[in-house]
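Biologist: I would like to go through this model with you, one question at a time. Please show the reasoning before you give each value or name.

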Amino acid sequence: MPTISAGYATIGTLAKQLRAQGKPRYARCLETLIRAGDVLDMFPIMKANQGTVHKFPRRKSLGSGGVWRALNQGVPASNPEVEEATEVTGKLEDRCDIDEDALSINDNSSAFIENQNEGVRIALRNTLNDTIIYGNRAAPGNAAGLDGLATRYNAFGKVVNENTGYDHVQDFGGSGNDLTSVYLLAPGVQSLYLINADNGCPAGLSIKEYDSNNGVFLNDRDGNPFRGHRTWYKWPLGLAVENVHSVMRLANIPSADVGNLIANGISTPSDSALLRKMIQMKNMVSADVDKSKLLFLVSRDVFTTMDILMFEKANAYWTPSNLERDLPPRSVGMFAGLPVFMSDTLIGTESQVQ
């Protein structure tokens, strides 16, 4: 069985370390973030190498390929072009405010505080998962956010870096605004990973608690103070795509077509087009990608489709699987030898990539 977290730290492995170190508050928060088994728990996480930003060299072109040198013949220089790429972290913050009287009614219970904070942490998880896929700093009011994979891989044509001729965005052919995508990813510390600002906190996550006993009062919407308890969350997190070949996207998949496959199965050769396209994606992966890290990321409906087609014996490449991992159980299958992860973050209302 493949192991998704082999060789690098993930949010799940960090949560285990924090619990072993006697830091249950941080461990609980990280465990909540990955409990749903969505996007966050797929990527390694590492500290940004320059405070809140992360810089690394990225090739823009290859060398000339050398020459077959004859006697007394010179060799021209081969100078691949390299650029300095920069990835940023954004500061995701939220707070949980609880009125002191609400605490009194609940016997000042730490369990009550924990339950209220769990709702905040789940919302943070949803925001982070959505941002990794659909984040767009150009969107109104989102300049301090992050660019997700759908924003970075949102045009057809060959990628500029290294000019190797690999099409990183494939077109399934749908149009309109009721579309979905399938991603083929290769997470790794030199390819595709999360970064956090080096602020001295575990995984960059800061959790601070305040109450009226230490001089902190809360305020209502009109600015009037009242006594209570506040937990403040701050997480400077970013997404780094160091190797542009580590991501492929199959875009413009009509959600209606997926729904038809769920309802009716494969009845004509064209109904198996999605499976054929996924096989094609796997075989298009650049030689510079660590293929042991490859995985598909699909929506719940696409995952259901593949399950149903296996049940009907129309998908011989698909098998259920329990992936060896340090994380909570989640829906995982194997297709064409690669793990397939189901994600509730991937939606069926994407706009057409053109």
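Modeller: One definition is needed before we begin: the expected span of a helix is 1.5 Å times one less than its number of residues. Please keep in mind throughout that this is a predicted model.

Biologist: What span should the 12 residues of helix H7 have at 1.5 Å a residue, and how far apart are its end C-alpha atoms?

Modeller: Helix H7 covers residues 273-284, and at 1.5 Å a residue its 12 residues should span 16 Å. The expected span agrees with the model, because the end C-alpha atoms of H7 are placed at a separation of 16 Å.

Biologist: Which residues of H7 are buried, and against which elements do they pack?

Modeller: The cut-off for buried is a relative accessible area under 20%. In H7 the buried residues are Ala-273, Leu-274, Leu-275, Met-278 and Met-281. The elements against which they pack are S6, S12, S13, helix H8 (300-311) and strand S15 (332-335).

Biologist: How many residues of strand S6 are buried, and which strands pair with S6?

Modeller: Strand S6, residues 179-185, is mostly covered, and Leu-179, Ser-181, Tyr-183 and Leu-185 point one way while Thr-180, Val-182 and Leu-184 point the other way, all of them buried. S6 pairs with strand S12 (residues 247-254) in the antiparallel sense over six bridges, and Leu-179 stands opposite Pro-254 there. With strand S13 (residues 295-299) S6 also pairs in the antiparallel sense, over three bridges, and Tyr-183 stands opposite Leu-297. The buried count is thus seven of seven residues, and the paired strands are S12 and S13.

Biologist: What does helix H2 reach from its first C-alpha to its last, and against which elements do its buried residues pack?

Modeller: Helix H2 (residues 24-35) has 12 residues and reaches 15 Å, close to the 16 Å expected at 1.5 Å a residue. Its buried residues are Tyr-26, Ala-27, Cys-29, Leu-30, Thr-32, Leu-33 and Ile-34. They pack against helix H1 (11-20), helix H4 (110-134), strand S8 (206-211) and strand S11 (228-241).

Biologist: Which residues touch the most other members of the largest nonpolar core, and which helix gives the most to this core?

Modeller: The largest nonpolar core has 51 residues, and those touching the most other members are Leu-30, Leu-149, Tyr-183, Leu-185, Trp-235 and Leu-297. Apart from this core lies another of 26 residues, among them Leu-274, Leu-275, Met-306 and Leu-338. In the largest core, the element that gives the most, with eight residues, is H4.

Biologist: Is Thr-89 buried or exposed, and which backbone oxygen does its side chain reach?

Modeller: Thr-89 is found in the loop between strand S3 (82-88) and strand S4 (90-99). Thr-89 counts as buried because its relative accessibility is 15%, with the cut-off set at under 20%. Beyond its neighbours within four places in sequence, Thr-89 has contacts that include Leu-146, Ile-195, Asn-196 and Pro-236. At 2.7 Å, its side chain reaches the backbone oxygen of Thr-52.

Biologist: Where is Thr-52, and what separates its C-alpha atom from that of Asn-196?

Modeller: Thr-52 has its place in the loop between strand S1 (45-47) and strand S2 (53-59), and it is partly exposed, with a relative accessible area of 47%. Not counting residues up to four places away in sequence, Thr-52 touches Val-88, Thr-89 and Ala-197. Although Thr-52 and Asn-196 are 144 residues apart along the chain, the separation of their C-alpha atoms is 7.3 Å.

Biologist: Asn-72 and Asn-252 have a positive phi; is Asn-72 buried or exposed, and is Asn-252 buried or exposed?

Modeller: Most residues other than glycine have a negative phi. Phi is near 65° in Asn-72 and also near 65° in Asn-252. Asn-72 lies in the loop between S2 and S3, whereas Asn-252 lies in strand S12. At 82% relative accessibility Asn-72 is exposed, and at 2% Asn-252 is buried.

Conventions. Residues numbered from 1 in each chain as written. Predicted model: local features only at pLDDT ≥ 70, side-chain atom pairs only at ≥ 80, totals over all residues. Heavy atoms only, no water. Helix = DSSP H or I, 4+ residues; strand = E, 2+ residues; numbered from the N terminus. Buried < 20%, exposed > 50% of the residue type's maximum accessible area, 1.4 Å probe, protein only. Contact = heavy atoms within 4.5 Å. Pairing = 2+ DSSP bridges. Polar contact = N/O pair within 3.5 Å; in protein donor to acceptor, adjacent residues only side chain to side chain. Core = buried A, V, L, I, M, F, W, Y, C linked by side-chain atoms within 4.5 Å.
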